[in-house]
Amino acid sequence: MSGAKEEADTESLQLEKKSLVQRLLKRNDKHFVKYIGSTTTHGVVHIFSGKSTLRRLFWFFLVLGAASGCFYNIVDRIIYYATWPTQTSVQIAFFERQAFPAVSVCNLNALNRSYVAANNLTELVDYLYAEELMLLEQDDAAGDEPAMMGGGPRQAAYSELRQCPNTTLLQQNVSLNLSALFQQASHLPQSLVLGCSFSGKRCSHRDFKATLTELGLCYTFNSGEDGSEVLEIDGTSSRNSLRLILNVEQDDYVATLNGDAGVKIAVHPQGEPPLPDSEGIAVPPGRQAFIGLKKATFLDQSTRKKCKDESTVGSFHFLHNKYKYSFPACRVDCFYSKLSDKCDCVESSFGTPYDPPYSERPQCSTEHICCVASSYLQPENCTCLNACSFVEYSSSTSYAQFPSNHLLQRFSEISNISTSQIQQNILSVNVYFETLNVNEKVTSDAYSVVSLLSDIGGQLGLFVGASLISFTEFLVWLLDELKDRCCGMSERRINKFIRRHFKRDQVKSSTDEQEMSDKQHNGP
């Protein structure tokens with residue numbers, strides 16, 4: 001009995017609420033009344049069923065404020081999601097063995113003086129590469145000012161060069177190929193590499209591959225090119241390293257080409273071009289350089305990646321397919337592409353392009369030297385993306401005297417080089433891993449679609465108590481209203497038509513009956 005009574009009370013309360021809502025709305029919309037009385041969205045029913053106007057106004061403004069706060073926070077989350085935020089996680093992985101990077105060695109003097117003199121190119125080289133001496137030359141008039149500031153005697157020649165003069169000197173060497181010049185006139189590997197060992201095993205200059213760079217011809221150890229095996233190492237410290245003894249041959253330097261003596265060491269992953277001019281480590285004669293390496297890997301797994309797949313082929317005009325895509329490779333290829341467009345010739349340190357229009361252009365010669373020089377002095381800006389996956393080696397370098405005073409005499413006896421020549425030309429390089437640990441950095445989405453939906457659901461639940469069910473209720477009410485508006489109008493028209501015809505038929509029938517009654521009453 002008590003259960004039936006409670007059920008009756010509940011039903012009575014629902015009827016009273018619906019009756020009150022109908023009275024307040026002053027309408028007989030059964031679907032709207034049903035929706036207001038049963039919706040799971042908090043607070044809405046109190047706007048219509050409050051016992052006083054003040055209470056209904058209180059609930060109205062409360063629901064309005066909550067809905068506004070909910071809307072504001074949802075829009076804020078959507079805007080944040082549209083920025084595609086990312087996060088980078090870092091973890092340290094340990095390996096017992098590591099692939100050793102490629103190591104490129106570049107003599108700071110790109111041209112061999114003996115070759116230049118033998119081919120009557122001394123005057124041309126002096127003319128083209130006199131910048132270092134001009135920086136030191138004093139102006140005759142100013143006295144204390146450098147020639148670059150005051151306009152010394154050689155500065156005039158330098159200015160003429162930048163204005164592309166039609167001089168007799170350039171006309172005599174108009175067919176000289178600049179790339180071929182650096183390839184043929186560079187220091188030979190057997191003269192540069194006096195000693196080589198890798199992880200205790202002997203190696204030689206034959207293990208180096210020639211690569212033409214912006215510093216001239218460089219020699220790369222462990223390049224991994226042409227299917228050669230990439231060497232690995234299983235220990236740290238300078239005892240498990242690449243050890244090189246190098247001879248820079250200062251006596252064969254071109255005096256006006258460069259004011260520096262020594263080599264540059266570029267450490268880079270296999271499949272990437274060496275960039276000794278911007279990333280190389282300089283080592284002077286009479287020193288031993290200890291270059292400690294740390295390896296880091298980068299991987300972008302975000303949804304909207306701002307990077308390019310490293311396996312992309314056909315990305316380069318000049319680097320060909322022997323190099324995978326990387327940020328340095330893209331910058332190099334872009335520079336030579338724009339230089340070629342500007343000077344209408346091909347000046348590539350990495351080979352001749354094989355796709356038009358670059359393959360149809362001649363090699364840059366002294367005829368184009370002014371344009372080429374201006375391109376090097378004012379390089380074009382290139383927009384390049386990082387690779388989605390790449391390896392980076394960070395280095396720390398320390399130096400010591402080489403050879404020591406104790407070893408100097410012994411070294412002279414073995415190499416048949418005088419002690420003074422050793423001090424002026426010989427240096428040593430040790431390249432090794434400081435640790436076999438690898439910093440693995442992974443970039444991923446910081447805010448996914450699931451996180452966005454979770455935040456939207458949280459805001460709806462916190463402010464207005466709404467959920468997916470609440471929206472379903474609203475859609476059901478909206479469909480019911482549309483159905484009544486469309487179908488109800490047709491039904492009313494049909495009923496009106498039926499009533500009109502029924503009334504006309506009823507009047508006609510009544511008229512006929514009246515006539516028949518009159519006839520019967522009057523008789524024949």
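This report walks through the strands, two helices and some aromatic rings of a predicted model.

## The strands

Let's begin with a sheet. Five strands form an open sheet, arranged in the order β6-β7-β3-β10-β11, with antiparallel pairing. At its edges sit β6 (208-213) and β11 (281-283), each of which pairs on one side only. From one strand to the next, the twist averages 30 degrees. As background, the strands of a sheet pair through backbone hydrogen bonds, and they can do so parallel or antiparallel.

How many bridges join β6 to β7? There are six, and the two strands run antiparallel, with β7 covering residues 216-221. To find one of these pairings in the structure, look for Lys 209, whose bridge partner in β7 is Thr 220.

Strand β4 (residues 193-198) also has partners to look for. Five bridges join β4 to β9 (residues 241-247), and the two run antiparallel. Here Cys 196 has Leu 244 in β9 as its bridge partner. Three bridges join β4 to β5 (residues 201-203), again with the strands running antiparallel. In that pairing, the bridge partner of Phe 198 is Lys 201 in β5. The hairpin of β4 and β5 has two residues between the strands, and Ser 199 takes a positive phi there, near 50 degrees.

## Two helices side by side in a table

A simple check on a helix is to compare its expected span with the distance between its end C-alpha atoms.

| Helix | Residues | Expected span | End C-alpha atoms apart |
|---|---|---|---|
| α4 (53-82) | 30 residues | 44 Å | 43 Å |
| α14 (327-343) | 17 residues | 24 Å | 24 Å |

For α4, the span expected at 1.5 Å a residue agrees with the model. The expected span of α14 agrees as well.

## Helix α4 and what follows

Which residues of α4 are buried? They are Val 63, Ala 66, Gly 69, Cys 70, Ile 74 and Tyr 81. It helps to know that an α-helix has 3.6 residues a turn, so residues three or four places apart point the same way. The cover over the buried residues of α4 includes α3 (44-49) and α18 (449-463).

After α4 comes Trp 84, with a positive phi near 50 degrees. Trp 84 has its place in the loop between α4 and β1 (86-94). Its relative accessibility is 25%, so Trp 84 counts as partly exposed, a class that lies between 20% and 50%. Trp 84 and Ser 302 are 218 residues apart in sequence, yet their C-alpha atoms are 8.7 Å apart in space. Leaving out residues up to four places away in sequence, Trp 84 touches Thr 303 and Arg 304.

## Helix α14

Why can α14 be called largely enclosed by the rest of the structure? Twelve of its 17 residues are buried, and that is the reason. Among them are Pro 328, Val 332, Phe 335, Tyr 336 and Leu 339. Ser 337 is another residue of this helix. Its relative accessible area is 7%, so Ser 337 is buried, which requires a value under 20%. Apart from neighbours within four places in sequence, Ser 337 is in contact with His 317, Phe 318 and Tyr 358.

Now look at the two ends. At the start of α14, a side-chain oxygen of Ser 326 comes to within 3.3 Å of the backbone nitrogen of Ala 329. Asp 344 follows the helix and has a positive phi, near 60 degrees.

## Aromatic rings

The structure holds 13 aromatic pairs. In one of them, the rings of Phe 60 and Phe 61 have centres 5.3 Å apart and planes at 75 degrees; planes over 60 degrees apart count as edge-to-face, so this pair is edge-to-face. Phe 60 is partly exposed at 39% relative accessible area, whereas Phe 61 counts as exposed at 53%.

Phe 100 and Phe 198 also form an edge-to-face pair, at 5.0 Å centre to centre and 75 degrees between the planes. Phe 100 lies in the loop between β2 (98-99) and β3 (102-107), and Phe 198 in strand β4, so the pair ties together parts that are 98 residues apart in sequence. Are these two residues buried or exposed? Both Phe 100 and Phe 198 are buried. They belong to one aromatic cluster with Phe 208, Phe 221, Tyr 393 and Phe 433.

Key
Residues are numbered from 1 along each chain as its sequence is written. This is a predicted model: local features need pLDDT of at least 70, side-chain atom pairs count only at pLDDT 80 or more; totals for chains, interfaces and linings use all residues. Side-chain values use heavy atoms; hydrogens and water are left out. Two strands pair if DSSP finds at least two bridges between them. Helices (H or I, at least four residues) and strands (E, at least two) are DSSP runs, numbered from the N terminus. Axes are lines fitted to C-alpha atoms, for helices over the stretch in contact, and angles run from 0 to 180 degrees between N-to-C directions. The expected span of a helix is 1.5 Å times one less than its number of residues. Buried means under 20% relative accessible area, exposed over 50%, partly exposed in between (1.4 Å probe, protein chains only). Contact means heavy atoms within 4.5 Å. A polar contact is a pair of N or O atoms within 3.5 Å; within protein, one must be able to donate a hydrogen and the other to accept it, and residues adjacent in sequence count only if both atoms are side-chain atoms. Rings of Phe, Tyr and Trp (its six-membered ring) pair if their centres lie within 6.5 Å; planes under 30 degrees apart count as stacked, over 60 as edge-to-face and the rest as tilted.
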